[in-house]
Amino acid sequence: MHWYQWFALAALAVCMISFAYHFFRLIKLGRPKDYSARAGSTTGGIVYSFTTGMNPRNKESAFLHLPTYTAGVIFHIATFLAIVLFFLPLSGLEAGRSIRLILSPIAFAGAMAGFGILIKRHTDKKLRLLSSPDDYISNLLVTFFQLLTGLVLLNNELYPAYMIVSALLLLYMPVGKLKHAIYFFAARYHLGLFYGWRNAWPMKKL
Amino acid sequence: MEKITKDKIKAGLEVLKDLQDSKLISHLNSCVHCGLCADSCLYYLTTGDERLIPASKVDMVSSIYRRYCTLTGKVFPGLVGARKLDDANISEMVDLLYGACTMCGRCVGHCSIGVDIEYVIRAGREMLAKMGYVPASLQATVDAALESGNNMAIADEDFLDTIEWMEEELQDELNDPAASIPINQPGKNVLYTLNPREPKFFPLSIVAMAKIFYAAKETWTLSANMYDVTNYAYFSGHPKHSRIIAQRMFDEMQKMQAKKLVLAECGHGSRASRWEGPNYIGKEFPETLNSVELIAGYIKSGRIKPDKELTQEIVTLHDPCNLVRSGGIVDEQRYILKNTVKNFVEMTPCGVDNFCCGGGGGQLAMSEYNDRRIKIAEIKAEQIKKTGAGIVATPCHNCVDQLSQINVAYRLNVQIKTMAEIVADALIIGYP
């Protein structure tokens, strides 16, 4: 193995250990005890939280901001794809040329969406006020990860650069807002639990 | 504002340090600063002030969490936008968390991630309360409740006089000298509570509810000792104060041995007593329900019969945020109106997407933010105008108060009524 592969593996280990800490801390703490009389289904609330509750038709953050929402969806699809492709060699599998040709545009689309979101963050006053360096670094690392994923699918000579960017991303993930990769699921779980208990979710849309 | 001290910082950070609340940890770590919550918040929509978007309010709390409770925030605060608890940041926190949020929770359902923004804001208010930075007018309301047993500091004698007077009104209206407003009678089916605004400013709403109980042949009582459904400490954020008030309610229920506690038409009072109260004191409450659920039940079961023809005017409904979004009570108030008035029209949006009237989150008690409170009501005023309604019904006395003020400020020329008043006006006495 080359040094950059060792670097990426070490970064992966750091990231996994850190994420495991966050995950198991939440598991250990468990769900908050609620002494009020339950009025609804917590399971129903949690299922709603991860399904209909995320339907873009039900969220102003989606249907009032369709270009941004679409960019966000593409960005996340490409991120998941890039992560799967990162782990693929570990499983001994390799994507064939035709599959690489299909997947690389998805990765490029994700990178373009990422750049678009970055530009919006810089030009929209309310986002600029809200942002810290972490917001820009997180976006740039994921965007470059997607870009290099797309490039390496077409040209293997960029593999060292891809590994280095992947390692930097993995090392940075536990530092800033990219931790939402774990906490997003926990937040939605708690929302579903909380509102399901009160029979407020599934929402009674009129 | 009083200067920050080390002791104050320590007291405030108690809320965040050594956190054992997986829910708060999750929500403090989830916001990605996408800013898409902005258009769900009436403060941003009516003022255009970028500081007031919900994500900024969450960041006020989570940035302090990062500064004091995460390794990155301690070592590289600038990198992750971690903020210190200093005078400038506390001043901003007070303005954003108390003065620019009605805790309506509208942003929560629309958040792209699912951050419980309202829950984080409550944690921020708790920090400020523990440091002694609750706005003076809000703290005065809490203190009144703690010292006198009701948030308007109504003297016992005055309360009893008002009830006696209202009982006479009831007897006159029903032409029945036996009609009563019972007080301190243990062992009844219902222990009914009031919003202190009722005995203080709107005593006829007590008559309205008494008329409904009379028509339903309900056995019920008020308690002179603890009738206040509100818990303003839920807004100020100090857990000790909210616990004392919730404990009083619990103790009174035990003393009165009623089968059910029925909460008056009050959004936050309903939430604070039914959902938060048991958690404040760590005990389960006996059966507790909102009066809207009770009245809807009376109509469904045929215990009372309203005559729709008696109210011909167009009636619209303002949904209190704490009932619909946080309490799941959406259908009951609609069922009541559809069976009580001839012309019921919905606002747009309505139900779980309804906009706050602007009086929630303790805003009505905080005179410091009066101008802002009236400004953010622009949306509600427009909603009401568009319905063409002559009557706005709402199952919340705080909302009644705010709507009455915006009725004047925006020249809406509508009547504002509680659900009990609407039903009482339409009741057929002697049915079945």
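How many helices and strands does chain A have? Chain A of this predicted model has nine helices and zero strands.

**Figure 1. Overall fold of chain A in the predicted model.** Along the sequence, the pattern of chain A reads α-α-α-α-α-α-α-α-α. Its C-alpha atoms fill a box of roughly 60 × 40 × 35 Å along the principal axes. Of the 206 residues in chain A, 40% are buried. Among contacts in chain A with a separation of 6 or more, 78% join residues 24 or more positions apart.

**Figure 2. The contact between chain A and chain B.** Chain A contributes 49 residues to this contact and chain B contributes 53 residues. On the side of chain A that touches chain B, two or more residues each come from helix H1 (3-29), helix H3 (60-63), helix H6 (125-130), helix H7 (133-154) and helix H9 (180-197) of chain A. H9(A) supplies the largest share of that side, with nine residues. Classified by residue type, the side of chain A that touches chain B comprises 21 nonpolar, 13 polar and 15 charged residues.

**Figure 3. Surroundings of B:Ile25 in helix H2 (residues 22-28) of chain B.** B:Ile25 is buried because 22 other C-beta atoms lie within 10 Å, where 20 or more are required. Not counting residues up to four places away in sequence, B:Ile25 touches A:Leu26 and B:Leu19. B:Tyr65, 40 residues apart from B:Ile25 in sequence, has its C-alpha atom 9.3 Å from that of B:Ile25.

**Figure 4. Helix H4 (residues 54-69) of chain B.** The 16 residues of this helix reach 22 Å from the first C-alpha to the last, close to the 22 Å expected at 1.5 Å a residue. H4(B) nevertheless contains a kink of about 30 degrees, centred on B:Met60. The helix is mostly covered, with 14 of its 16 residues buried.

**Figure 5. Domain 1 and domain 2 of chain B.** The domain assignment divides chain B into domain 1 (6-133), domain 2 (140-296) and domain 3 (304-426). The centres of domain 1 and domain 2 of chain B, taken over C-alpha atoms, are separated by 34 Å. Six residues of domain 1 of chain B are in contact with four residues of domain 2 of chain B. The side of domain 1 that touches domain 2 consists of two nonpolar, no polar and four charged residues.

**Figure 6. Surroundings of B:Leu138 in helix H9 (residues 136-148) of chain B.** B:Leu138 counts as buried because it has 26 C-beta neighbours inside 10 Å. Leaving aside neighbours within four places in sequence, B:Leu138 is in contact with B:Tyr98, B:Tyr232, B:Phe235, B:Ser236, B:Gly362, B:Ala365 and B:Met366. B:Glu368 lies 230 residues apart from B:Leu138 along the chain, yet their C-alpha atoms are separated by 9.4 Å.

**Figure 7. Nonpolar cores of the model.** In soluble globular proteins, nonpolar side chains tend to be buried together. The largest nonpolar core here has 163 residues, and B:Ile212, B:Ile295 and B:Val423 have the most contacts inside it. B:Val423 touches B:Ile212, B:Ile295, B:Pro306, B:Ile336 and B:Thr340, not counting residues up to four places away in sequence. A second, separate core has 30 residues, including A:Cys15, A:Leu103, A:Met163 and A:Leu178.

Note on methods:
Residues numbered from 1 in each chain as written. Chains lettered and ligands numbered in written order. Predicted model: local features only at pLDDT ≥ 70, side-chain atom pairs only at ≥ 80, totals over all residues. Contact = placed C-beta atoms within 7 Å. Helix = DSSP H or I, 4+ residues; strand = E, 2+ residues; numbered from the N terminus. Nonpolar A, V, L, I, M, F, W, Y, C, P; charged D, E, K, R; others polar. Domains from an automatic or database assignment. Expected span 1.5 Å × (residues − 1). Bend = angle between axes of the 7 residues up to and from the residue. Buried ≥ 20, exposed ≤ 12 C-beta atoms within 10 Å, placed from the backbone. Core = buried A, V, L, I, M, F, W, Y, C linked by C-beta atoms within 7 Å.
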